[in-house]
Amino acid sequence: MYGLIRKNLCLWGYGKAAALFLGCLIFSISGRLDHGISYEQHILSAVSDHYYLTYFMLPILLLSCFSFLEDDGIPVISRFHSYHAYFLGKWLGTWAAAFLLTAVQTTAILLSGMGLPFGDQWGLPAGAAETELFSMLQQIFPAPVQAFLVCTLYQFAGSWLIFGICMWIGHFAGRRGAVPIISGLYMLSAVWLKLPAVQNLPFTGFGHLLILHHNLGGHYRFAATGVTFLLLPLAAILSLRFWWRGLPHIQLRGRGMAAYYVHELMIRKNLLILFGVVFGITLYKGMGHSHTESGTEWIYTLFAGHGTGYFQVLPFIEQWITGGAPLYLLAVFVEHTVSGQSVFVSVRGKSCRSLMRGILSAGTKFIGIYTFLWMIGGLLGAAFIGCEMEGPAWNLLLYAVLMKFLDIYLQYLFMLCIYLFTKQVSVSFLILAAGNLLCVLPGALASCLPFGLSGLMRISLMHSGIGVSAVTAFGILVSFSLLLTVWLAVFGCRKILD
């Protein structure tokens, strides 16, 4: 058991813990700036923040699950009496990662509240955003500190259970099949509050397993989650006891490195995820701006992104979802196929340079398909809200799509560079998130930062004097992209198999 725990922590890496600490600290500090509340009320509000838990903590948790998806070799499994005993031991061994995530989050939350006055009372200032949440929790807990402790312990147990669910899915669906399944379950959890029809279903999503107050809204909601906590581990053990899928076999198709990587990345389920992101954001923007009359205004709204010098939660989440979705799939792809553990790399790899060319080629095509979907989404969205696409609107659409391609391509190259040095894809993802957060910095320097520069709010197009010029923004992304591409092709390829 101790060996499995140590192995899981080594596979998991500590970059995800650093990402969680930084993101939790930023969300918690931004929450305490709104109004004067006590220290105890602040930490309860931070640990129950729906946007932080759904759009930041849960993705990091799910990304952590991919470190444990693959089974160990036959020598390790044979040490246990049966496969289901091995799986149970491996799952129980993930408690250390779940505990570490919970401890890191708790530390960031406690640090973010330093300086606030103490007062373990439920009373809030007038107009506080947490009034509805606190009124619900007040009926169950006598004080905010007790509610904070219970919410923290609930998140630890939920994280542990989510690890087991994802490992179970990965065993039967394989790593490639688990990506769209887990992503689909996450999307259901992300839109749960937005779709009343989904709320009325006895469906227990990841959000219910992680966020305590999501289970307090209905008469049967808490009971449904409790049954899930009990039945899912039992179903996993029984299914593994009587149905062991066995060790996966790798089938190679196509010729050359690029063909293999394209086959691994361009699967139908990955493309459906990209389509779902584009369709969801376009539909959300179209319903929120249905009275837009100009095609140029619609394209600007669709590709607005997040400005500089301030921080708004929803625009930043939207920007991170649109850019982070393909990068997340590419991160999973890089961690699986580019690492030294890949059988294909060790068997079929003829040279480091051919490996790097294949990686860059597959990633470029993948990003190109994603940005093409955004072009189709812009046209269909304009038809949906009744906007006429005239000449200026077409020019703005083409420019916005090109900038989005360059922006995501640059971040993909940057992620590869960091991965080559650290061998931790989570560290690369952390740095990308931090780079996108730099848009909150004031001044002209933030406007020239390459991450997120495809957002039209950072470019002086429709609003003169705001952001950099269109030519300057294009030049920044092209220059950095060419520089990183040349470095990866000439020097970075030497470190790919280290």
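In this predicted model, the second largest pocket is lined by 44 residues, and those nearest its centre are Tyr 55, Tyr 186, Met 187, Ala 190 and Ile 321. The space in the second largest pocket amounts to about 1,300 Å³. Several helices take part in the lining: H2 (15-32), H4 (50-65), H9 (144-190), H14, H16 (313-338) and H20 (425-437) each give two or more residues to the second largest pocket. Among these contributors, H14 provides the largest share, with eleven residues. The chemical make-up of the lining of the second largest pocket can be read from its classes: 34 residues are nonpolar, six are polar and four are charged.

Enclosed spaces come next. Rolling a probe the size of a water molecule over the atoms shows where empty space is left. In this structure, five cavities of 30 Å³ or more are counted. The largest cavity has a volume of about 190 Å³. Its lining consists of 21 residues, and the closest to the centre of the largest cavity are Gln 319, Thr 322, Gly 323, Lys 404 and Ser 454. Two helices, H16 and H19 (391-422), give two or more residues each to the lining of the largest cavity. The largest share comes from H16, which supplies seven residues to the largest cavity. By class, the residues around the largest cavity divide into eight nonpolar, ten polar and three charged.

The second largest cavity has a volume of about 110 Å³. Around the second largest cavity lie Gly 23, Phe 27, Tyr 55, Phe 56, Phe 316, Ile 317, Trp 320, Ala 433 and Leu 437. Helices H2, H4, H16 and H20 each give two or more residues to the lining of the second largest cavity. Of these, H16 gives the most, with three residues in the lining of the second largest cavity. Eight residues in the lining of the second largest cavity are nonpolar, one is polar and none is charged. A reader following Tyr 55 through the structure will find this residue in the lining of the second largest cavity and also among the residues nearest the centre of the second largest pocket. Helix H16 is likewise worth tracing, with residues in the lining of the second largest pocket, of the largest cavity and of the second largest cavity.

The packing of helices can be followed in a similar way. Two packed helices are described by the angle between their axes and the distance between the axes. For helix H14 (residues 268-288) and helix H15 (residues 295-302), the axes come within 10 Å and cross at roughly 130 degrees. That angle makes H14 oblique to H15. The crossing of H14 and H15 is right-handed. On the H14 side, Thr 282, Lys 285 and Gly 286 meet Trp 298, Thr 301 and Leu 302 of H15. The contact of H14 with H15 contains two nonpolar, three polar and one charged residues.

Helix H7 (residues 95-112) packs against H9 at an angle of about 145 degrees, and the axes of H7 and H9 are 9 Å apart. The crossing of H7 with H9 is right-handed. Helix H7 brings Trp 95, Ala 97, Ala 98, Phe 99, Leu 101, Thr 102, Gln 105, Thr 106, Ile 109 and Leu 110 to the contact, while H9 brings Phe 148, Thr 152, Gln 155, Phe 156, Ser 159, Trp 160 and Phe 163. By class, the contact of H7 with H9 has eleven nonpolar and six polar residues, with no charged residues.

Helix H7 also packs with helix H3 (residues 39-47): the axes of H3 and H7 come within 9 Å and cross at roughly 140 degrees. This angle makes H3 oblique to H7. The crossing of H3 and H7 is right-handed. In this contact, Tyr 39, His 42, Ile 43, Ala 46 and Val 47 of H3 meet Gln 105, Ile 109, Leu 110 and Ser 112 of H7. Six nonpolar and three polar residues make up the contact of H3 with H7, and no charged residues are present. Gln 105, Ile 109 and Leu 110 of H7 therefore reward a second look, as they take part in the contact with H9 and in the contact with H3.

How values were computed. Residues are numbered from 1 along each chain as its sequence is written. This is a predicted model: local features need pLDDT of at least 70, side-chain atom pairs count only at pLDDT 80 or more; totals for chains, interfaces and linings use all residues. Side-chain values use heavy atoms; hydrogens and water are left out. Axes are lines fitted to C-alpha atoms, for helices over the stretch in contact, and angles run from 0 to 180 degrees between N-to-C directions. Helices (H or I, at least four residues) and strands (E, at least two) are DSSP runs, numbered from the N terminus. Angles under 35 degrees count as roughly parallel, over 145 as roughly antiparallel, 65 to 115 as roughly perpendicular and the rest as oblique. A crossing is left-handed if the near helix is turned anticlockwise from the far one by less than a right angle, and right-handed if clockwise. Contact means heavy atoms within 4.5 Å. Ala, Val, Leu, Ile, Met, Phe, Trp, Tyr, Cys and Pro count as nonpolar, Asp, Glu, Lys and Arg as charged, and the others, Gly among them, as polar. On a 1 Å grid over the protein atoms alone, a cavity is a set of points where a 1.4 Å probe fits but cannot get out, and a pocket is an open set with protein on both sides within 12 Å along at least five of seven lines; lining residues have an atom within 4 Å of a point. Grid points are joined across faces, edges and corners, and a volume is the space filled by probe spheres set on the points.
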